[in-house]
Amino acid sequence: MPVTAVLGGQWGDEGKGKIIDYLSGEADVVARFQGGSNAGHTILVGNKEIILHQIPTGILREGIICILGNGMVIDPINLLREINDVESTGVNTDGRIFLSLNAHAVTPVHKFLDAYNEKKAGEKAIGTTRRGIGPAYTDKIRRTGIRIRDIENSSLLREKMQAQLDAVATFIEDVTDEEINSLKNEVKEFYRACEKVKKYIADTFNLIHEYIGEGKNIILEGAQGTLLDIDHGTYPYVTSSNTISGNICCGLGIPPGKIDKIIGVFKAYNTRVGAGPFPTEQRNRYGEHLQQRGYEFGATTRRKRRCGWFDAELARFAVKINGFDYIALTKFDVLDGLEEIKICTHYKNGRYPDVDLDVAEPVYETLPGWKGSVRDIRNFSDLPEEAIKFIRKIEDLLSTPIKIISTGKERNQIISME
Ligand code: IMP
């Protein structure tokens with residue numbers, strides 16, 4: 001599996017962290033190519049839950065190299081907290097974390113602006129994670145951003161940071177003195193954090209090309225999901241980066257031909273956090289079942305996730321745009337106990353992305369539920385007949401095989417058909 005990408009096929013929170021953790025048993029390197037601390041990959045190790053926001057999931061396995069690619073927006077303050085959290089579990093991170101010198105920094109001003117814009121937008125708010133992602137990418141595109149390599153030049157860093165602070169004071173009319181003072185304090189913390197993360201800065205372009213040349217096993221870790229992609233997702237209710245496989249090349253500096261396999265991660269149902277259209281959302285006892293049994297709360301913001309049935313119309317789009325070779329289906333056990341399970345096969349009134357999702361009319365196929373739980377099953381053939389039917393139906397609808405099924409939170413609750 002030399003170079004394998006693992007990407008979300010829905011609106012994020014598909015359980016990519018667990019699948020990457022499972023696959024990284026054989027990996028040498030795990031690299032991220034977009035997003036920042038808006039991501040939240042929850043992994044259960046023993047009885048300790050770890051949430052990784054920026055550091056690739058591979059960090060939890062000794063010896064794996066973790067690369068934060070140039071396409072990311074990196075928050076140095078949060079990164080240090082994360083490194084501390086990881087080390088508190090006894091994992092040694094020395095010499096294993098590399099930040100691309102061309103990635104961009106998320107500053108306290110970006111986080112302030114994210115929260116400010118959301119508050120101003122009122123009912124039209126995106127429901128962002130308030131981690132400064134949109135403003136940091138805005139600065140990147142405006143060519144005024146602070147790159148990670150700028151951290152090494154303290155006068156340039158201070159000049160660019162001051163320009164951001166001045167812009168807030170000049171252009172935002174209703175900013176209070178208190179807010180400006182608190183921002184100034186956070187900026188001091190930002191400078192201290194920058195000093196400490198200096199040692200992780202690296203030429204990740206040449207590093208990853210060396211690893212590829214050496215035939216190392218590399219996992220490319222996606223964050224968020226296909227439907228949150230800035231170009232192809234449910235705009236404007238999306239994140240500010242490209243989350244699809246096409247962006248791996250830009251976000252790490254590798255050509256398409258070097259990616260050997262692309263795995264799509266889907267939940268056995270759909271969820272989304274924040275605002276935006278969701279055709280198969282179930283605001284009823286089914287949605288409640290999924291929310292409660294799936295413990296559907298945002299890993300970064302702790303918001304309750306909206307829940308609904310698996311949407312094969314949107315999933316087919318995700319398969320096509322990413323070129324998924326196969327699928328890892330997660331949270332299958334959450335469907336335990338339902339007397340019937342629905343799958344949206346298509347919409348009555350159009351195809352994504354042409355259809356207006358606000359008025360899309362899902363057409364459902366109803367399948368019978370199963371008795372008992374799939375949590376302790378490790379072989380595909382031991383699954384209840386109805387569960388196998390569900391898997392086969394999704395494979396049929398997406399014309400793509402499902403080769404991994406996650407049946408619970410624990411590391412070993414996995415059925416592999418690879
Ligand atoms: P932002 O990325 O913080 O700007 O948020 C934009 C939208 O993407 C909001 O709806 C967020 O809830 C959503 N979002 C961002 N990151 C994630 C994630 O890792 N999982 C799920 N949703 C996310």
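A polar contact is a pair of N or O atoms within 3.5 Å. That cut-off helps in reading how the ligand sits in this predicted model. The space the ligand takes is the largest pocket. A sheet of three strands is the other topic here.

**Residues around the ligand**
- The ligand has 17 residues around it.
- Asp-13, Asn-38, Thr-129, Thr-239 and Arg-303 come nearest.
- By type, the shell holds six nonpolar, nine polar and two charged residues.

**Polar contacts of the ligand**
- Gly-127 offers a polar backbone atom, 3.4 Å from an oxygen atom of the ligand.
- Val-273 also takes part through its backbone: an N or O atom there lies 3.2 Å from an oxygen atom of the ligand.
- Gln-224 uses its side chain, where an N or O atom is 3.3 Å from a nitrogen atom of the ligand.
- On its own, the ligand has 470 Å² of accessible area, and the protein covers 97% of that.

**The three-stranded sheet**
- Strands of a sheet pair through backbone hydrogen bonds, in a parallel or an antiparallel way.
- This sheet is open, its order is β14-β16-β17, and its pairing is mixed.
- β14 (310-311) and β17 (362-368) are at the edges with a single partner strand each, so one side of each has no neighbour in the sheet.
- Strand β16 covers residues 340-347 and runs antiparallel to β17, with seven bridges joining the two.
- Glu-340 has Pro-368 in β17 as its bridge partner.

Technical notes
Residues numbered from 1 in each chain as written. Predicted model: local features only at pLDDT ≥ 70, side-chain atom pairs only at ≥ 80, totals over all residues. Heavy atoms only, no water. Near = heavy atom within 4 Å. Polar contact = N/O pair within 3.5 Å; in protein donor to acceptor, adjacent residues only side chain to side chain. Areas by Shrake-Rupley, 256 points an atom, 1.4 Å probe, with all protein chains shown as cover. 1 Å grid on protein atoms, 1.4 Å probe; cavity = no way out; pocket = protein on both sides within 12 Å on 5 of 7 lines; lining within 4 Å. Sits in = over half its atoms within 2 Å of the grid points. Nonpolar A, V, L, I, M, F, W, Y, C, P; charged D, E, K, R; others polar. Pairing = 2+ DSSP bridges. Helix = DSSP H or I, 4+ residues; strand = E, 2+ residues; numbered from the N terminus.
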